[in-house]
Amino acid sequence: MRACSWMSRLALLLLATFAAASGAQTLRFGLAEDPDVLDPTLARTFVGRVVFAALCDKLFDIDEKLNIVPQLATGYEWSADSKALTIKVRPGVTFHDGEKLDAAAVKYNIERHKTMAGSNRRGELAPVASVDVVDPMTVRLNLSAPFAPLLAQLADRAGMMVSPKAAQEAGDKFGVKPVCSGPFRFVERVAQDRIVLERYPNYWDKGSIFLDKVVYTPIVDATVRLANLKSGQLDLIERMAPSDVAGLKSDSRFKIAKITEIGYQGITINVGKSDLAQKNPLGKDARVREAFELALDREGIVQVVMEGEATVGNQWVAPDNAYYAKNMPVPKRDVARAKALLTEAGVSNPSFTLVTPTTSDAQKIAQVVQAMVKEAGFDVKIQSTEFATSLDMADKGQFEAYVLAWSGRADPDGNIYSFDACKQPLNYAGYCKTDVDEILTRSRTAREKAERQKAYDQLAAIALKDRPIVYLFHRHWLWAFTTKLSGFRTIPDGLVRVQGLKLN
Amino acid sequence: MFHYLAQRLATILPTLFFVSVLIFGLQQLLPGDPALILAGEDNDPTVIAHLRSTMHLDEPFPVRYAYWAGGVLKGDLGESQRIKKPVLDLILEKLPVTLELACIAMVIALVIGVTAGVISAIAKDSVWDYAANIVALWGLSTPNFWLGIMMILLFSVTLGWLPASGYVSPFEDLRGNLAAMIMPAFVLGNAIAAVLMRHTRSAMLQVLSSDYVRTARAKGLDERVVVIKHALRNALIPIITLGALEFGTLLSGAVLTEQVFSIPGFGKLIVDAVFNRDYAVVQGVVMFTATAYIALNLCADVGYFLANPRLRG
């Protein structure tokens with residue numbers, strides 16, 4: 001009798017284990033690169049943000065339409081002079097080590113972002129002068145000057161909250177075993193092989209989480225990444241190659257999701273970064289740059305380079321963005337006008353070197369552009385160089401034109417300020433104009449959308465004629481996944497939100 | 001013996017010093033500013049300044065070298081700037097993976113290469129010989145990455161027999177480990193098999209025409225015994241030397257294969273580190289490999305010394 005009851009108990013236990021095992025939902029996610037350090041303060045790569053989306057919640061998030069929505073904050077209020085942002089902290093949130101999220105923890109995190117040695121968030125939070133704890137669940141950020149993009153910054157890594165206790169204990173090694181408050185907690189990482197996260201049972205919004213585990217595998221080659229998806233090794237892959245879209249569409253086992261990126265692809269022109277700017281007609285004369293742009297057929301570039309998987313654009317934001325300057329639409333190709341402009345400028349066959357990183361997209365852009373502008377009389381030499389070297393050349397101004405992509409930020413300020421304002425770190429073009437600086441400052445200090453829109457319209461009218469950057473297109477983020485996966489949302493920042501994801 | 005060891009050690013120390021200067025110096029010649037690439041796309045000047053000071057990039061070359069060499073002498077190879085992990089941990093994590101891959105690839109290469117070489121030598125100018133030669137030529141001329149992708153498409157995507165890529169530790173799941181390793185090991189072994197086949201063939205042909213083989217045959221020995229016991233044994237000596245050399249190349253040369261099959265090994269570690277200008281990792285890995293080669297060489301010399309009485313003089 002006794003033996004019998006033992007056996008039945010054992011059988012029940014086995015059944016329960018089996019049921020749990022078969023019901024366990026593990027999402028196997030193929031990444032295009034291996035992320036860098038998993039510390040929101042020190043992190044610098046796009047791919048790291050993909051992992052953070054499941055690991056570390058932020059004060060705010062963005063939705064499909066780039067609206068700011070609350071996440072760890074429940075609400076916010078600007079002061080009348082726009083120099084203080086009061087944030088209500090969500091009650092009942094705990095970090096993965098059980099510590100509570102409160103106003104003091106938010107203050108700690110903002111200060112950590114601002115003061116930690118090597119912090120990549122310092123620039124993003126530069127206008128934040130101090131942080132006050134108003135009450136246990138309310139925090140106030142005091143700004144040195146009004147700063148409209150702040151909410152968008154807090155909807156990215158600068159708004160990620162880590163456990164103060166864990167961060168203090170680990171110091172700059174925090175990224176080896178991060179402790180955040182997202183839906184999944186860190187389990188292990190083998191560099192270049194996998195990052196494993198498991199569901200955090202005390203997540204504040206646990207009703208939206210259906211997966212038990214997420215395993216990220218970096219696979220650099222897009223063909224191999226897709227092969228892994230097709231062979232059932234992965235459930236979801238990011239950044240699939242545009243050339244694979246047609247083939248996968250006919251396979252009923254998989255779905256493709258896409259959305260236009262918030263970043264852009266473009267050609268930066270050295271207009272004042274170094275002496276080289278004055279030594280070539282492209283950098284010296286705005287008419288030559290106009291001729292260059294008029295010689296381009298953006299539709300053609302998108303078809304050839306991206307197999308149509310991109311949106312044509314001529315500004316730092318895509319045409320469907322709320323801040324797109326409608327007064328400056330995408331110009332049509334006009335080779336005759338381009339030739340006339342070159343004659344007017346006195347250089348019928350301008351020659352310059354186009355530096356490009358060795359990535360396949362950048363090289364294809366360079367080749368197509370070279371062929372297109374040749375028709376107008378341009379003689380373009382292509383110099384392909386490995387990314388680190390090309391970046392160094394750009395930073396030192398050792399280029400005439402440079403093919404460069406930007407991953408984009410939710411607020412338009414993140415796509416333009418550092419590129420066009422005088423002496424900013426991403427201003428590789430060396431573009432510097434006082435009226436542009438004044439408009440850029442206005443665009444980030446004004447809080448009302450209409451006022452900001454006006455500033456961007458004015459900016460577009462100047463900068464798009466000066467052409468320190470010739471914007472070409474905005475890629476589509478392309479994901480492919482098994483039809484078993486449901487609840488997938490496409491957000492223009494290219495990060496995968498795990499909330500609502502379910503494997504059937 | 002003591003004298004010999006002291007003599008060998010005396011040459012090793014300057015070699016190591018020279019190697020370390022070479023590694024450090026050559027890396028400084030890499031174009032591109034490591035602080036700039038490591039700072040990420042935001043290009044924040046304070047971050048760049050911080051990276052420069054932590055990596056001692058603002059110091060002159062000898063000072064930078066002294067910082068690094070000082071750490072190495074204490075067994076500290078530094079820390080990856082990219083993922084904030086000690087370099088030694090990364091090496092110890094990746095080394096077993098690459099070693100396993102290299103060993104399996106070598107076994108495959110030996111089995112295919114030596115067998116094909118022997119067959120084509122004993123059946124010289126026959127269909128078998130031509131077939132083996134064609135296969136060898138194919139093996140030599142097929143690029144690794146292409147063969148890798150083709151195998152993934154056939155065995156993983158179409159047939160679904162093997163995992164497309166990735167790595168599982170043999171201690172976790174031996175079956176899974178072998179399933180993950182077989183394709184990359186075959187791809188690696190394939191090219192080496194071709195080289196081994198050609199060498200085995202010529203060595204065998206030479207040995208088979210020598211006097212003692214003729215004598216063995218004249219004694220009426222079974223042809224199988226002649227080939228395997230008498231000829232192959234002697235023909236194997238240059239093959240073993242070649243195999244050992246190829247094995248060394250495998251350890252450092254599996255980069256493309258590791259990339260295609262996403263095997264987290266040594267090659268992938270160093271390539272990623274070079275592209276990200278993660279100096280500490282590049283220096284650490286190369287220094288570690290160089291030291292291992294020198295140490296193995298020393299062991300071989302000592303072994304040779306012990307085995308060969310003439311050297312003891």
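Which residue takes a positive phi just after α4(B)? In this predicted model, the residue is B:Gly75, whose phi is about 85° and which comes directly after the end of α4(B). The helix that precedes B:Gly75, α4 of chain B, covers residues 61–73, and its 13 residues carry the chain 18 Å from the first C-alpha to the last, which is close to the 18 Å expected at 1.5 Å a residue.

Positive phi values also occur in residues other than glycine, one in each chain being described here. In chain B, B:Asn43 has a phi near 55° although this residue is not a glycine, and B:Asn43 belongs to the loop that connects α2 (34–38) with α3 (45–54) of chain B. B:Asn43 is classed as buried because 21 other C-beta atoms lie within 10 Å, where the cut-off for that class is 20 or more. In chain A, A:Lys423 likewise is not a glycine and has a positive phi of about 55°; A:Lys423 sits in the loop between α15 (413–420) and α16 (434–445) of chain A. The surroundings of A:Lys423 contain 9 C-beta neighbours inside 10 Å, and A:Lys423 therefore counts as exposed, the limit for that class being 12 or fewer.

Chain A also holds an open sheet, in which 4 strands follow the order β4-β5-β7-β6 with antiparallel pairing. At its edges are β4 (73–78) and β6 (128–135) of chain A, each of which pairs on one side only, and from one strand to the next the twist averages 20°. The antiparallel strands β4(A) and β5 (residues 84–89) of chain A are joined by 5 bridges, and within this pairing A:Gly75 has A:Lys88 of β5(A) as its bridge partner. Helix α3 (residues 103–115) of chain A packs on this sheet, where it touches β5, β6 and β7 (138–143) of chain A, and the direction of the helix makes about 170° with that of β6(A).

Elsewhere in chain A, A:Ala257 is part of strand β12 (residues 254–260). Its C-alpha atom is separated by 43 Å from that of A:Val134, a residue 123 places away along the chain. A:Ala257 counts as partly exposed because it has 16 C-beta neighbours inside 10 Å, and, when neighbours within four places in sequence are left aside, its contacts are A:Trp479, A:Phe488 and A:Thr490.

Between the two chains, 37 residues of chain A are in contact with 42 residues of chain B. On the side of chain A that touches chain B, the elements that give two or more residues are α6 (222–230) and α14 (387–396) of chain A. The residues on that side of chain A divide into 13 nonpolar, 13 polar and 11 charged.

It remains to consider the confidence of the prediction. For the complex, the predictor gives an ipTM of 0.78 and a pTM of 0.86. Chain B has a mean pLDDT of 85, with 97% of its residues reaching 70 or more. Within chain B, confidence is highest in helix α5 (residues 87–122), at a mean of 90, and lowest in helix α14 (residues 309–312), at 66. Where pLDDT is low, the predicted coordinates should not be read in detail.

Key: Residues are numbered from 1 along each chain as its sequence is written. Chains are lettered from A and ligands numbered from 1 in the order in which they are written. This is a predicted model: local features need pLDDT of at least 70, side-chain atom pairs count only at pLDDT 80 or more; totals for chains, interfaces and linings use all residues. Two residues are in contact if their C-beta atoms, placed from the backbone, lie within 7 Å. Ala, Val, Leu, Ile, Met, Phe, Trp, Tyr, Cys and Pro count as nonpolar, Asp, Glu, Lys and Arg as charged, and the others, Gly among them, as polar. The expected span of a helix is 1.5 Å times one less than its number of residues. pLDDT is the predictor's confidence in each residue, from 0 to 100. Two strands pair if DSSP finds at least two bridges between them. Axes are lines fitted to C-alpha atoms, for helices over the stretch in contact, and angles run from 0 to 180 degrees between N-to-C directions.
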